[in-house]
Amino acid sequence: MVETISTPNSPTEQLALYQQMLAAKSPDIDVYQIDVVWAGILAPHLVDLKAHSKGAENNHFPSIITNNTVDGKLIALPWFTDASLLYYRKDLLEKYGEKPPQTWAQLTATAQKIQDAERKAGNDKFWGYIWQGRAYEGLTCNALEWVASHNGGAVVEADGKITINNPQAVKAIAQAKPWVSTITPPGVLNYTEEESRGVFQAGNALFMRNWPYAWGLSQSADSPVKAKVGTAPLPKGGEDGRHAATLGGWQMSVSKYSANQDAAIALVLYLTGPEVQKQRAVELSQLPTLVKLYDDPDVVKANPFFAEMKDILASAVARPATVTGSKYNQVSSEFFNAVYAVLSGGKTAEQSLADLEASLKRMSRGGKW
Ligand code: GLC
């Protein structure tokens, strides 16, 4: 019998909980569901699955298997992958003669226009753009997209170099600040993915940044926005910018402290295998990591947007987890706190990114990590 334990919505809080359990060598949890950015942080506590997987890893996207291999050990098998996208209200763009935005400037203008009109028409709860602004891992993902879409890099590059204090990144973060309280509710500073989805799915927002899971739920029988939702790549920083989605996703791992390792490994192989991945793709619109499932007719039929996900995935931006390894969570916390300080009005983007650069330099001992 498998028992599941629910964890907080915010991955940042989830990680703290896992670290407590694992530091205590707790046998209470056999299988951990881990974020794609935690491989380097949690590896010492996880079983090497390679000896038990019978080559199952060869069916998944190779880049994710590389991500999950730490010091030659396969510490997790992929469960689903993630890349963020822009959700929009098809019906409202049509009603007001607008198109999905190509740039953030267009998104801002369209959001303001339709928000004003919808409020005039009587929906005083209506907002233009909903995203995730709480000080947690999700804000790291949102802000990385703003920066990368302006060609401002990935905070720390693959060679360890700290690049976040650059004019494009300053522009990207500064651009988001005035959204708060104009086209975005002030409460966004406490939103994770689920709070965002709540507002959008209730019919109270034009645009939303979220992951693929939000598609399936938006199309459920009782959804007020069923059949009214479209998806597009997230906007570019400008005409010379790029569409940038953050690469996310979840893996399954077995704890070294589990008293039932064989059963736990069998469960992980089942959960990450074709049957479960197909079911989750069809019912929950989660992106499979098994390459073959992208050609499965049932999967394609349930998720019309999977066709465009191929390009989005191929050009998605990874967070600097591999290069910063066990320090990733500290790097991400410094980054989301620096961005949060701008969004909440405490600091200018120039000041905050200069301070961030200084603290990342201290943390990395000169970029050596
Ligand atoms: C999604 C992604 C995960 C990311 C998280 C941020 O769950 O799959 O990688 O860290 O969102 O909230």
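**View A. Strand β9 and its share of the shell around the ligand.** In this predicted model, β9 gives the most to the shell around the ligand, namely three residues. The strand runs through residues 247-254, and together with helix α6 (137-149) it belongs to the elements that each supply at least two residues of that shell.

**View B. Who surrounds the ligand.** Let's go round the shell: P11, D35, D82, Y136, E137, G138, E193, W211, G248, G249, W250 and R319 surround the ligand. What mix of classes does the shell have? Sorted by class, there are five charged, four nonpolar and three polar residues. As for the space that the ligand takes up, that is the largest pocket.

**View C. Polar contacts with the ligand.** Zoom in on the side chains of D35 and D82. An N or O atom in the side chain of D35 sits 2.5 Å from an oxygen atom of the ligand. For the side chain of D82, the distance from an N or O atom to a ligand oxygen is also 2.5 Å. R319 joins in too, with a side-chain N or O atom 2.8 Å from an oxygen of the ligand. And how much of the ligand does the protein bury? On its own the ligand would expose 310 Å², and the protein buries 93% of that.

**View D. A salt bridge between two shell residues.** R319 and D35 turn up again here, as their side chains meet in a salt bridge, at 4.0 Å from N to O. D35 is in strand β1 (residues 31-35) and R319 is in the loop between α13 (306-314) and α14 (321-324), so the pair ties together parts 284 residues apart in sequence. The count of salt bridges comes to 12.

How values were computed:
Residues are numbered from 1 along each chain as its sequence is written. This is a predicted model: local features need pLDDT of at least 70, side-chain atom pairs count only at pLDDT 80 or more; totals for chains, interfaces and linings use all residues. Side-chain values use heavy atoms; hydrogens and water are left out. A residue is near a molecule or strand if one of its heavy atoms lies within 4 Å of it. A polar contact is a pair of N or O atoms within 3.5 Å; within protein, one must be able to donate a hydrogen and the other to accept it, and residues adjacent in sequence count only if both atoms are side-chain atoms. Accessible areas come from the Shrake-Rupley method with a 1.4 Å probe; for residues, only the protein chains shown count as cover. On a 1 Å grid over the protein atoms alone, a cavity is a set of points where a 1.4 Å probe fits but cannot get out, and a pocket is an open set with protein on both sides within 12 Å along at least five of seven lines; lining residues have an atom within 4 Å of a point. A molecule sits in a cavity or pocket if more than half of its atoms lie within 2 Å of its grid points. Helices (H or I, at least four residues) and strands (E, at least two) are DSSP runs, numbered from the N terminus. Ala, Val, Leu, Ile, Met, Phe, Trp, Tyr, Cys and Pro count as nonpolar, Asp, Glu, Lys and Arg as charged, and the others, Gly among them, as polar.
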